Amino acid sequence: MTIAHHHSGKTTAGLQRLALIAVLAGLLVIGVAIQAGGTLLRDAGVLAAPQQYLALSLDNLTSLPSQVAPGDPVQFRFTISSTRTGTVDQKWTVVLSSANTKQLVAQGVAKVGAGATVTIPVSFAMPQQASGDVTVSIGAPGGGMAPLQFHMTTGTS
Amino acid sequence: MTATLTMPIESRVERGRHAKRPSAIARLWTQSATTVTLLILFDLAVATRHVLLGSRLCALALMILLPGLTVVGATRVRLENRFSQLAFAVGTGAFVLMLWAAVSSALLPPLGVPRPLEMWPLTLAVNAISLLAVLACPSGVDPILSVFEGRRSRSTILIATGAVLLPLAGLAGAERLNNGRGALLDLIVWLVVLLVLGGILWRTSRWTDTQIKLALFGASLTLLYLYSYRSNNLFGFDIQQEFQRFSDTFRAGRWTAPSNGDPYAAMLSITALPTALAKVSGISGIYLFKGVFPLFLAWIPPLTYGFARRWFSPLASAVSAIYLIVLAQFAGELSGISRQEVGLFYFALLLVVLFDVGLMGYRRTLVAIGVLAALTVSHYSSSYVAVALLVVTWLGFSAVRVVSTWRNRRSTHRVRRPIQKVYVSFVIAFSGLAMVLIWDLGVTSSAHNLTSFVSSMVDQGPNILPHAKGSIFTRWLSGNVNQTISPSKYYRLALQASKHESWLNPYPRSITSHFPAAAAPKATNAGLGYNGLASALESIGTVVGELFLALVVLGTLVMVFRNRITSVPREVAVLCAATLAFAGIIRVSGTFGEVYNQDRAQIQAGMVLCVSLALGISWFAKRSHQLTAAGSIVGLIVLGVTVPAGGTGLIAQVGPGGSPLLQNSGTSYNYSDMTDQEVAAAKWLVQEAGPHPLIWTDEFGELRIWAGTTYAAATHTDLTPATIDQGSWVLATGYNIGGTAYGEVDNEVSTYLFPSAFLGRVKALVYSSPGARVYR
């Protein structure tokens, strides 16, 4: 190997290593840029942003009442879950409707933390005037979702 | 350098002759220094992956490249082109990981390592494999630096930088659209991609092959990212099921051959490979499927270019590769089918290694068998087609050789023609066949697709264009696709089909008859509304597509019947003829279409037929004397724009709209985009429903269940009042809430009004968010 070859060999190896270092450094820079500039990039809309919403769900579905006599207690639980980044004071209502009546039977406000779930027990007595098929609707006004619903028939339980 | 110039020549020669040979230790150090350094960096990256995203990216890159480059170095395989060599190293790296995952999952649990696909066992394995491989490399040769050898011009560095930045811009554009910030950036990126493709054609005479390949890679990856980064979840149909199988392997920490013959669970490309990468790099499976798998697919156009370039000019080869990129199914469909992204990558690599001039004799055979093995464990259909083409080519070319030999013996006065060299040998073709049989029948028992194809063929024959209607010309243009039917016909057909389900407990007709089928609400016009112009442009695109097809047919015919006037080996002509026949059969045969989607088959066939297209284009260019080169290129661009613009839905945006690339609505969007709310609702449903639930959704609703849960049993998709079971659960998607539902019965599809009034009447609404619901 001549001095020239030796020098050029060293230079070539150096350049090759430089290319390799550039590739790895590029990956590191991309990672650091995304991590350090996360908020900035998210504000610019170029990073994935999870959907923020509230969801309602009924708990313990098998124990939902299906036939209730007027005056009897009706009990169930439902959950409000949130994927929002801030705490929400969420109003909720329970409405009973049948062919001829519509009645608010329970309501309240639940404090739902960021990414948290809150379970709310509901208990009320079936109104005396309710008759036939009755629908129970559990709503969360302002949340953008349809109220949960289940059906009962009134009669002797 | 100064010393060299001032030294007399004799002295330099003398000095060179007596230069001290490096010692064995020095040679070993030269050979392994880079690998050892990178392994240390890899281990550091793995250890710090929880803290730094950059560490995760480095660990991911090194995990594929280190075993790949060192094993390739140890095998002493040198392909003709550096770009192909790098692709081969990446393919080898992925194959080594798949192979190790399968072998370690079988052998290590009995030895006390119950989860061999966890981070540390895998990190140890990558270190051990890379070190052993580097020790087996030729003495004094650094297997890693040798890939980066040679000088790179400024323009190459500029193109390489563009090939990195443009996909990142595409990613940013897709995320902006996901976040409801409009499609402007998407549109700009898309136009830049088109300009790049036009620029490639413009500069083919000045750019090197490596530069053209880099530009092709960047353009294809950008188009792929514009699709794959849509949605916060995975975007597409098949990819949802693939992700489910990956999740099963990821949770188990080992890969096991499926006990139920499930072909998805049998493919290492979507189970063992992403599990290994996710465990070691710490990058989530969703982002591996979105970001890493498209990298495999993006190699295909440059590899295809390299394959055609063996015999044709850069311009003809570039047109062939670009035509593959701009086909609608390339980015639009394959970005949502990860198993095929890996499978087709190996198929492209197979074509390159089969005909690479750097590989000779037994080494070519061994390398081809290795690539075929990688293809076999990656994707079943791609490997069936590859093996079938190889066997037919071997048989066909053997017949040609027999005839040539016979004619040579008989000829007395003519010049004897030399017997042509064999690329696809008996050993390669039948090793492929043997590996498919061993893997799909012996190891994974997952040949259901193949056996059902054989029985369908026996029962109904090829079943030519079973679903198409209209003239023979229209039927040919439409191909083997589903037909649209009215909502009422869909309700009727769904009811007929449900009669076979004796266990079904439907609602009484006294209730269901009050809820007849109705049309879905009209979609809002998201396009510019120039429907006539859009239709005209689409027609031009169809004509251009058929013209390209005519060029492919012409090129193949010339290769087969006038082979002497071309530079293409007759064996390649036989391969192209077999591929063209295969593409034609897939387009018209219902039986073939059931086992292999015609769009995807077209891409696989296109990788071979790029040779025919390149020949057709060369032939056309030679005979169009009146056209200058610039005129031809401008003509190609102007005509070519209509094909990609149609394929990606840009033309549709000029008319009524509907491209998922540019809007957050429309059938394609509903089909491919799983929202966070839908996935959360599906998770809640599966968790609440307990074992063996009856779940109903519409045609695309089941994708949300695959995307969010491990529920793999059949979901019922005939969501009509008369066909829903009384005890069932119903998942409603975001577009269902908007009123639209999709159904399919016997390859007939329908869009209809989601039966929310019926469900509200008979079922309880037990889960509700603004973008999804569950009824019980």
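Two strands are said to pair if DSSP finds at least two bridges between them, and that idea will be useful at the third stop of this tour through a predicted model.

Begin by selecting chain A, which is divided into domain 1, covering residues 3-43, and domain 2, covering residues 54-154. If you look from one to the other, you are following a distance of 59 Å between the C-alpha centres of domain 1 and domain 2 of chain A.

Next, show both chains together and look at where they meet, for 41 residues of chain B are in contact with 39 residues of chain A. On the chain B side, the elements that each supply at least two residues include helix 2 (9-18), helix 7 (154-178) and strand 6 (765-769), while helix 4 of chain B gives the largest share, six residues. If you colour this side of chain B by residue type, you will find 18 nonpolar, 12 polar and 11 charged residues.

Now select strand 1 of chain A, residues 54-58, together with strand 6 of chain B, since these two strands pair in the antiparallel sense over two bridges. Within this pairing, Leu56(A) has Ser768(B) as its bridge partner.

From there, move to Asn60(A), in the loop between strand 1 and strand 2 (67-68) of chain A, where phi is near 45°, a positive value in a residue other than glycine. Is Asn60(A) buried or exposed? Asn60(A) counts as exposed because it has 10 C-beta neighbours inside 10 Å, and the limit for exposed is 12 or fewer.

Finally, select Ser231(B), in the loop between helix 9 (209-228) and helix 10 (238-252) of chain B. Ser231(B) has a positive phi of about 80°, although it is not a glycine, and with 25 C-beta neighbours inside 10 Å it counts as buried.

Note on methods: Residues numbered from 1 in each chain as written. Chains lettered and ligands numbered in written order. Predicted model: local features only at pLDDT ≥ 70, side-chain atom pairs only at ≥ 80, totals over all residues. Domains from an automatic or database assignment. Contact = placed C-beta atoms within 7 Å. Helix = DSSP H or I, 4+ residues; strand = E, 2+ residues; numbered from the N terminus. Nonpolar A, V, L, I, M, F, W, Y, C, P; charged D, E, K, R; others polar. Buried ≥ 20, exposed ≤ 12 C-beta atoms within 10 Å, placed from the backbone.
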